[in-house]
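Trainee: I've got a model open and I'd like to talk through how its parts pack. Can you walk me through it?

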Amino acid sequence: MDASMSSHALSGLNFSKSNTADFTRDRSLHACELPRQSSWRSGTTGRTFQNLKLDTSAHNRNLAGKTFCSAEACIHPLSAIESPSHIEEDKVGVLLLNLGGPDTLNDVQPFLYNLFADPDIIRLPRLFRFLQRPLARLISTLRAPKSKEGYASIGGGSPLRKITDEQADALKMALEAKKVAANVYVAMRYWHPFTEEAVQQIKRDKIKKLVVLPLYPQYSISTTGSSVRVLQDLFREDKVLSRLPVAIIQSWYRRGGYVNSMADLIEKELQRFGSPDEVMIFFSAHGVPVSYVTDAGDPYKDQMEDCIYLIMQELKARGINNDHKLAYQSRVGPVQWLKPYTDEVLVELGKNGVKSLLAVPVSFVSEHIETLEEIDMEYKELALESGVENWGRVPALGCTSTFITDLADAVIEALPSAAAMTTDTTVSEPSSFKQNPVGFAIKMLLGSFLAFIALLVFPAFKNQNV
């Protein structure tokens, strides 16, 4: 959300990237429409919560339009457990998780260091994890100049913090409208405000029940998974926080409010075209290395495909039957990422005669470098060069009222399932490591070396800038 995501890796070194584009054209939907209200917010690092099982299938598609939490830890509607008046007696906290982004060009290198120092981004075998920080230092130093060019093109820094703060304020007001008083905090994974800061403020505020809400509609190891890992480490090490009841919403792309909000934005943007029925709806999602899915069991691909299905079903229910396509952006290096690739598909569509195209950044709920530069600048130029004549782009959800209201409902529904975190922090190795640890280590190191060389050589690479 930036929520995005953008946070992914290079197979032995798993990296990611992000990009940017045009704040100017009718972007009112990504700005918060509600008056700002002061509330504290922050960010940190951790492991996984107890009994949080992922729904890795893309089945049960008949659930579109229903409102529920997709994580099994958050399945009980509030009305069946507690009344809002009871919840008001507790000091409720909501922690928004996001990736973060450099505020200025001077912040780019340290931001990249934090990114590449994450073991969920550069995934080294246990035997070689002592190389994590030196490698992160080297890569971030070498890549900073190129990354600064991207951020300079969108104003000299990431807008993610400002937008996330606006979303936090809007969510707080939406909860208050539903008679739930809550403090809303922001925790960024790789830049200020860090998770550690938010966690300490939660502790000082004596929050009695906490809902963790990642601003990523779909779950991935490299986004929600990484942030939750850090969060659990912090809670496990604190005697007070280790007893705090916590509920986490792992993914929420199936919620009716989210699906309807996305359909609303798409429907509105289609009307900007001279012939709306002829427009190809082009969903561009942040990619992840294929190994995340095949070796580590990441449900991201299944959830993304399911998400597109639900949105298109909602559009068809409104009489919108446009053709659509899903592709993945922001890949890097010689390893295989989820296909099809956005850039290749754009060229193919242009050559096949598609003249009108509406880009939809489906894995992001905030504008950031991957929407403002990568989609709005690079991909738009590529599409027009390839034969597309009419280009449009759906804005990120931002503080769209229906979206924020649905997040508030998700928080309320999650509250009854809050429970203390587990102390079990064992992280399982991929099955290939268990079967052949030496071969796996060699493969990972070779992949890391190739990825590192590609990272330095390929000028088109953009670090996961959110």
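Mentor: Sure, and keep in mind that this is a predicted model. One definition to start: rings of Phe, Tyr and Trp, taking the six-membered ring of Trp, pair if their centres lie within 6.5 Å.

Trainee: With that cut-off, which residues do ring pairs link into a cluster?

Mentor: A search of the whole structure turns up three aromatic pairs. One of them joins Trp252 and Tyr258, and Trp252 also pairs with Phe403. So the ring pairs link up into a cluster, and its members are Trp252, Tyr258 and Phe403.

Trainee: What kind of pair do Trp252 and Tyr258 form?

Mentor: A pair of aromatic rings is described by the distance of the centres and the angle of the planes. For Trp252 and Tyr258 the centres are 5.4 Å apart, with 85° between the planes. Planes over 60 degrees apart count as edge-to-face, so the Trp252 and Tyr258 pair is edge-to-face.

Trainee: And how many residues apart in sequence are the parts that Trp252 and Phe403 tie together?

Mentor: That pair is tilted, at 5.8 Å centre to centre and 40° between the planes. Trp252 lies in the loop between strand S4 (246-248) and H7, while Phe403 is in helix H12. The pair therefore ties together parts whose separation in sequence is 151 residues.

Trainee: Is Phe403 buried or exposed?

Mentor: Buried means under 20% relative accessible area. Phe403 has a relative accessible area of 1%, so Phe403 is buried.

Trainee: How are H7 and H12 oriented to each other?

Mentor: Helix H7 covers residues 256-270 and helix H12 residues 401-414, and their axes are 9 Å apart. The packing angle is about 170°. Since angles over 145 degrees count that way, H7 and H12 are roughly antiparallel.

Trainee: Which residues in H12 does H7 meet?

Mentor: On the H7 side, the contact involves Gly257, Tyr258, Ser261 and Asp264. The residues of the contact of H7 with H12 divide into two nonpolar, three polar and two charged. Those in H12 are Thr402, Phe403 and Asp406.

Trainee: Away from those helices, which ring does the charged end of Arg137 sit over?

Mentor: A charge counts as sitting over a ring if, for Arg, CZ is within 6 Å of the ring centre and within 35 degrees of the ring normal. The charged end of Arg137 is 4.1 Å from the centre, and the ring belongs to Tyr113.

Key: Residues numbered from 1 in each chain as written. Predicted model: local features only at pLDDT ≥ 70, side-chain atom pairs only at ≥ 80, totals over all residues. Heavy atoms only, no water. Axes fitted to C-alpha atoms, helices over the stretch in contact; angles between N-to-C directions. Helix = DSSP H or I, 4+ residues; strand = E, 2+ residues; numbered from the N terminus. Parallel < 35°, antiparallel > 145°, perpendicular 65-115°, else oblique. Contact = heavy atoms within 4.5 Å. Nonpolar A, V, L, I, M, F, W, Y, C, P; charged D, E, K, R; others polar. Phe/Tyr/Trp six-rings, centres within 6.5 Å; stacked < 30°, edge-to-face > 60°. Buried < 20%, exposed > 50% of the residue type's maximum accessible area, 1.4 Å probe, protein only.
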